[in-house]
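Subject: A structure for you to look at

Hello,

I am passing on the structure we talked about, so that you can open it alongside this note. Below it you will find what turned up when I went through it.

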Amino acid sequence: MSTVEHVEKPMMVGRDRDNVVVGDEIVRHRRATRLIHWSVAITFFLALITGMPIWTPIFGWMASLVGGLDTARVIHPYAGVLFIIASIFQFVHWLPDMHLHEDQKGWLSGKAFSYMRWEHVEESGKYNGGQILYFWAACLGALGFLLSGIPMWFPLWVREICIWIHDITFICFFVGLVGHMYLGSAAEPGTFRAMTRGTVTRRWARFHHPGWYKEVTGEETRK
């Protein structure tokens, strides 16, 4: 259902509600959504900073950021646990919006290339097919970290195998994260503010998510 509302203070509205029109802006992510997102991001990077020097001496300098290699070894598993907890909250919070609609199927074929060329891609839903697929890939990555990380706490015979799985999961997760960060900042100006201010401009919403724009504002989009 469309929610059209004009309020003078978008930051106040963005604390509790999203999908609301506020003047020339639209609240895309309310405060709870942003807190969960940044909790996942912070705990992941804490795990990264403490895990990289354990993984290879090439990144040994990172250990100095937390007080040394021994400290990194202590912090890393607990940072991983916090990351998993935050990821669970994120999964539950985002799940209702993370189902591919009929018009979002085939994203890995022509639609992805059209979107990368900044062409108009009409889709229903708040998130496009690429974002939904990334969500599920990130969830699988978190699950991979969990299942391979737990045995590494104990002297089990599968520990060596789990180390390899943990490393491969990290490499795939990190590559996807770099793409996510690029698309959420430099590649698409105006996107990053959705996770800081919580709002996006009408123009941004109309171009990047025309289906969502039409649903929220009740206005037709121009191709």
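A nonpolar core is a set of buried Ala, Val, Leu, Ile, Met, Phe, Trp, Tyr and Cys residues joined through side-chain atoms within 4.5 Å. Please keep in mind that this is a predicted model.

First, the overall layout. The chain has eight helices and three strands, and along the sequence they follow the pattern α-β-β-α-α-α-α-α-β-α-α. Of its 223 residues, 40% count as buried. If you take the contacts between residues at least 6 apart in sequence, 60% of them join residues at least 24 apart.

Now to the cores. The largest nonpolar core has 14 residues, and Phe-44, Leu-48, Met-52, Phe-83, Phe-145, Phe-170 and Phe-173 are those with the most contacts inside it. Helices α2 (31-55), α3, α5 and α6 (159-183) each supply at least two of the core residues. The largest share, four residues, comes from α2. Apart from this core lies another, of nine residues, among them Val-21, Ile-26, Ala-205 and Tyr-213.

Leu-48 is a good residue to click on in the 14-residue core. Leaving out residues up to four places away in sequence, Leu-48 touches Pro-53, Met-62, Phe-170 and Phe-174.

There is plenty to see among the aromatic rings too. A search of the whole structure finds 13 aromatic pairs. In one of them, the ring centres of Phe-91 and Phe-135 are 6.1 Å apart and the planes are at 10°, so this pair is stacked. Phe-91 belongs to helix α3 (residues 69-94) and Phe-135 to helix α5 (residues 129-149), so the pair ties together parts that are 44 residues apart in sequence. Phe-91 is partly exposed, with a relative accessible area of 31%, whereas Phe-135 is buried at 6%. Elsewhere, Phe-44, Phe-45, Phe-83, Phe-145 and Phe-173 form one aromatic cluster.

Helix α5 deserves a visit of its own. At 1.5 Å a residue, its 21 residues should span 30 Å, and the C-alpha atoms at its ends are indeed 30 Å apart, which agrees. At the N-terminal end, Asn-128 acts as a cap: one of its side-chain oxygens lies 3.0 Å from the backbone nitrogen of Gly-130. Several residues of α5 are buried, including Gly-129, Ile-132, Phe-135, Ala-138, Gly-141, Ala-142, Gly-144 and Phe-145.

Which residues touch this helix from elsewhere? Two examples may help you find your way around. Ile-84, in helix α3, is buried, with a relative accessible area of 13%. Not counting residues up to four places away in sequence, Ile-84 touches Ala-142 and Leu-146. The C-alpha atoms of Ile-84 and Leu-146 are separated by 7.0 Å, although the two residues are 62 apart along the chain. The other example is Thr-169, which lies in helix α6 and is buried at a relative accessible area of 15%. Setting aside its neighbours within four places in sequence, Thr-169 is in contact with Gly-141, Gly-144 and Phe-145.

Further along the chain is helix α8 (residues 210-217), which is mostly covered, with six of its eight residues buried. These are Pro-210, Gly-211, Trp-212, Tyr-213, Val-216 and Thr-217. They pack against β1 (20-22), β2 (25-27), β3 (199-201) and α7 (202-208). Tyr-213 also appears in the nine-residue core. As for Trp-212, the charged end of Arg-28 sits over its ring, 4.7 Å from the centre. After α8 comes Gly-218, with a positive phi near 80°.

One last spot to check is Asn-19, in the loop between α1 (10-13) and β1. Its phi is near 60°, a positive value in a residue other than glycine. Is Asn-19 buried, exposed or partly exposed? With 23% relative accessibility, Asn-19 counts as partly exposed.

Enjoy exploring, and write back with any questions.

Best wishes

Methods
Residues are numbered from 1 along each chain as its sequence is written. This is a predicted model: local features need pLDDT of at least 70, side-chain atom pairs count only at pLDDT 80 or more; totals for chains, interfaces and linings use all residues. Side-chain values use heavy atoms; hydrogens and water are left out. Rings of Phe, Tyr and Trp (its six-membered ring) pair if their centres lie within 6.5 Å; planes under 30 degrees apart count as stacked, over 60 as edge-to-face and the rest as tilted. Buried means under 20% relative accessible area, exposed over 50%, partly exposed in between (1.4 Å probe, protein chains only). A charge sits over a ring if NZ of Lys or CZ of Arg is within 6 Å of the ring centre and within 35 degrees of the ring normal. The expected span of a helix is 1.5 Å times one less than its number of residues. A polar contact is a pair of N or O atoms within 3.5 Å; within protein, one must be able to donate a hydrogen and the other to accept it, and residues adjacent in sequence count only if both atoms are side-chain atoms. Contact means heavy atoms within 4.5 Å.
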